[in-house]
Amino acid sequence: MLSYVERLKAVGLPTPEYRRDHYDMIQANTNTTRLNMNNEELEKQYSPSKWTHRCSPDEVVKQHIMALAQGSEKAKAEIDCQLDRIYGDTEKQKIDIFGADTIPGDAPIFLYIHGGYWQALGREISSFMVGPICKSGAVVVAIGYDLAPKVSMSEIVNQCKKAVSFVLNLASHRGSSGVYIGGHSAGGHLAAMMLSVDWMSESMQSNSMIKGALLVSGIYDLQPLVNTSVNDPLKMTQETAWENSPLKHLDTIKKTSCHRHIIVAVGQHDSPEFRRQSQEFQQKLKDGLSSQYVDVADTDHFNVIENLQNDDYELTKELLKMMKLNINTVVDGMAKTSCS
């Protein structure tokens, strides 16, 4: 059976090489469960495709990329969009904006951060969920960022801060009612990190501008990844992994997010480690914050986010409810006007 990284390679995505070091880690910085795993088990736990219930590991990755690509092409064909808006200095530091030309300025904005283990995928296939969200009255922004091994984890986090700053300024200019941040897998991690930022210091925008978050199958403690093949292009140490872990910044997240609602979702067929990370992060969040845990039935690590393009999907409904929107309330006004 091919590994997760070998399957990424098979579909033309950048991949790390395997490392087969023994892993025996105690998460001394958190109150989470003590982990003692050899390398083989650790690789399996953090190889999401090995846990799918729908098809082979190889096929689920191919289907995932196809679903994201087809959904994104459909969104670009149907909804007005501004593509390749530059927010930073490199080619990938761009954003795509959907619905801004036809949706009222005071509408909420949903900002999406893609997954891909910080080394694959991109903004170009990250607008698959645009249809039901824009048609319900929210602007959608998909952001891109440089990938490992070109940049470090810390630099990826910094680039996401720049992208969010761009969107907060856009929201302020439009008179938006608020920004909601979402992300899947690695994007769930990055979205959670954005909740810890003091946006007044970062971009002269109020922390209250970010109203909520949808974190889907994220990783909130990066330390278990350090001795896996996922880390080969990232080259994190235990120290840098912890520094870039949302769990380390939990107190700050609680301080900056007292007005926010945070949804932590995970697929029924995500791996036990992905499920543990989501469960424990939400348990810690709910002590002082408005948050909810959504265990999405009959989904794996991949279709738990793919299905966000469906009107009747549980997470689509939860997201729209958080943004105080109703499905398809502005369909008649969403005829495609431009895509530049």
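**Figure 1. Helix H12 and the residue that follows it.** Just past the end of H12 in this predicted model, Lys 324 takes a positive phi of about 60 degrees. H12 itself runs over residues 314-322, and its buried residues are Leu 315, Thr 316, Glu 318, Leu 319, Leu 320 and Met 322. For background, most residues other than glycine have a negative phi.

**Figure 2. Two more non-glycine residues with positive phi.** Start with Asp 84, which sits in strand E1 (residues 81-86). Its phi is near 65 degrees, a positive value in a residue other than glycine. Buried or exposed, or something in between, for Asp 84? Asp 84 counts as partly exposed because its relative accessibility is 41%, and the partly exposed class lies between the 20% and 50% cut-offs. Now switch to Ser 185, in the loop between strand E5 (179-184) and helix H6 (186-194). Ser 185 isn't a glycine either, yet its phi is positive, at about 60 degrees. With a relative accessible area of 6%, Ser 185 is buried.

**Figure 3. Gly 218 and its neighbours.** Gly 218 belongs to the loop between strand E6 (210-216) and helix H8 (238-243). Its relative accessible area is 0%, so Gly 218 is buried. Which residues does Gly 218 touch, leaving aside those up to four places away in sequence? They are Ser 185, Gly 188, His 189, Phe 274, Gln 277 and Ser 278. So the Ser 185 of the previous view turns up again here, in contact with Gly 218. If you're also looking at Phe 281, its C-alpha is 9.6 Å from that of Gly 218, with the two positions 63 residues apart in sequence numbering.

**Figure 4. Asp 270 and what surrounds it.** Find Asp 270 in the loop between strand E7 (261-267) and helix H10 (272-285). Asp 270 is buried, at 4% relative accessible area. Leaving out residues up to four places away in sequence, Asp 270 touches Trp 51, Ser 217, Arg 275, Thr 299, Asp 300 and His 301. Ser 47 is worth picking out as well: it is 223 residues from Asp 270 along the chain, but the two C-alpha atoms are separated by 9.7 Å.

**Figure 5. Strand E4, covered on both faces.** Strand E4 takes in residues 139-143, and 5 of its 5 residues are buried, so the strand is largely enclosed by the rest of the structure. In a regular strand the side chains alternate between the two faces of the sheet. Here, Val 139, Val 141 and Ile 143 are on one side, with Val 140 and Ala 142 on the other, and all of them are buried. Which strands pair with E4? Strand E2 (residues 94-98) pairs with E4 in the antiparallel sense over 4 bridges, while strand E3 (residues 109-113) pairs with it in the parallel sense over 5 bridges. Ile 143 is a handy spot to look at: it is the bridge partner of Ile 95 and also of Ile 113.

**Figure 6. A cis peptide bond after E4.** Follow the chain on to Pro 149, in the loop between E4 and helix H5 (153-174). The peptide bond joining Ala 148 and Pro 149 is cis, with omega at about 10 degrees. By contrast, most peptide bonds are trans.

**Figure 7. Helix H3 and its two sides.** How far apart should the ends of H3 be? H3 has 22 residues (57-78), so at 1.5 Å a residue it should span 32 Å, and its end C-alpha atoms are indeed 32 Å apart. The buried residues of H3 are Pro 57, Val 60, Val 61, His 64, Ile 65, Ala 67, Leu 68, Gly 71, Ser 72, Ala 75 and Lys 76. They cover an arc of only 155 degrees around the axis, which puts them on the same side of H3. An α-helix has 3.6 residues a turn, so residues three or four places apart point the same way. The face turned away from that buried side carries the exposed residues Gln 70, Glu 73 and Ala 77.

**Figure 8. Two cysteines.** Cys 160 counts as buried, because its relative accessibility is 0%. Cys 258, at 60%, counts as exposed. The disulfide count comes to 0.

Methods. Residues numbered from 1 in each chain as written. Predicted model: local features only at pLDDT ≥ 70, side-chain atom pairs only at ≥ 80, totals over all residues. Heavy atoms only, no water. Expected span 1.5 Å × (residues − 1). Buried < 20%, exposed > 50% of the residue type's maximum accessible area, 1.4 Å probe, protein only. Arc of directions from axis to C-beta. Pairing = 2+ DSSP bridges. Disulfide = S-S within 2.5 Å. Contact = heavy atoms within 4.5 Å.
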